[in-house]
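Work through three short exercises on the model shown here. Each has a task and a stepwise solution.

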Amino acid sequence: MRDAVLRRLRGDGVTPGYFAPDTFTFGAPLQRLTIEAVVGAVPGVLAVKDIRIGARAVHHMRPMEDLYVVPDDQILRLASDPRTPERGSIRVITEGGV
């Protein structure tokens with residue numbers, strides 16, 4: 001199930017995920033409910049228990065509030081790749097039945 005959630009968020013190289021570069025524009029915020037809906041649509045996910053987000057140049061993940069505000073001169077980018085922490089990270093903890 002973990003891989004399916006990551007594919008839905010990051011894409012798989014063929015199909016773009018929710019965090020594809022064309023999804024967001026300058027200053028567009030990130031809404032927690034939207035992420036919960038995207039992840040909740042993955043087969044086997046029963047609930048989203050926690051979402052943690054790490055911004056560029058921030059070395060710790062923090063709980064995501066209802067709205068993650070992005071400055072007007074920045075575009076949200078969440079690669080969630082440990083090799084490139086400067087591109088932002090997200091950790092979603094789910095409850096699943098599969």
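Contact here means heavy atoms within 4.5 Å. The model is predicted.

**Exercise 1.** Find the residues that Leu76 contacts, leaving aside neighbours within four places in sequence, then place Leu76 in the largest nonpolar core.

Step 1. Apply the cut-off. Leu76 is in contact with Phe19, Phe24, Leu30, Tyr68 and Val70.

Step 2. Turn to the core. The largest nonpolar core has 22 residues. Leu76 is among those with the most contacts inside it, along with Leu9, Tyr18, Phe19, Leu30, Ile35 and Tyr68.

Step 3. List the suppliers. Helix H1 (2-10), helix H2 (32-40), S2 and strand S5 (89-96) each give this core at least two residues.

**Exercise 2.** Decide whether Asp50 is buried or exposed, and list its partners.

Step 1. Locate Asp50: strand S2, residues 45-54.

Step 2. Compare areas. Buried means under 20% relative accessible area. Asp50 has 19%, so Asp50 is buried.

Step 3. Check the side chain. It makes a polar contact with the side chain of Arg52, at 2.9 Å.

Step 4. Go beyond four places in sequence. Asp50 is in contact with Arg32, Arg91, Val92 and Ile93.

**Exercise 3.** Classify the exposure of Met61 and find what it touches.

Step 1. Locate Met61: the loop between S2 and strand S3 (62-63).

Step 2. Classify. Met61 has 22% relative accessibility, so Met61 counts as partly exposed.

Step 3. List contacts, not counting residues up to four places away in sequence. Met61 touches Arg52, Ile53, Gly54, Ser89, Ile90 and Arg91.

Step 4. Take a distance. Met61 and Val48 are 13 residues apart in sequence, and their C-alpha atoms are 17 Å apart.

Methods. Residues are numbered from 1 along each chain as its sequence is written. This is a predicted model: local features need pLDDT of at least 70, side-chain atom pairs count only at pLDDT 80 or more; totals for chains, interfaces and linings use all residues. Side-chain values use heavy atoms; hydrogens and water are left out. Helices (H or I, at least four residues) and strands (E, at least two) are DSSP runs, numbered from the N terminus. Buried means under 20% relative accessible area, exposed over 50%, partly exposed in between (1.4 Å probe, protein chains only). A polar contact is a pair of N or O atoms within 3.5 Å; within protein, one must be able to donate a hydrogen and the other to accept it, and residues adjacent in sequence count only if both atoms are side-chain atoms. A nonpolar core is a set of buried Ala, Val, Leu, Ile, Met, Phe, Trp, Tyr and Cys residues joined through side-chain atoms within 4.5 Å.
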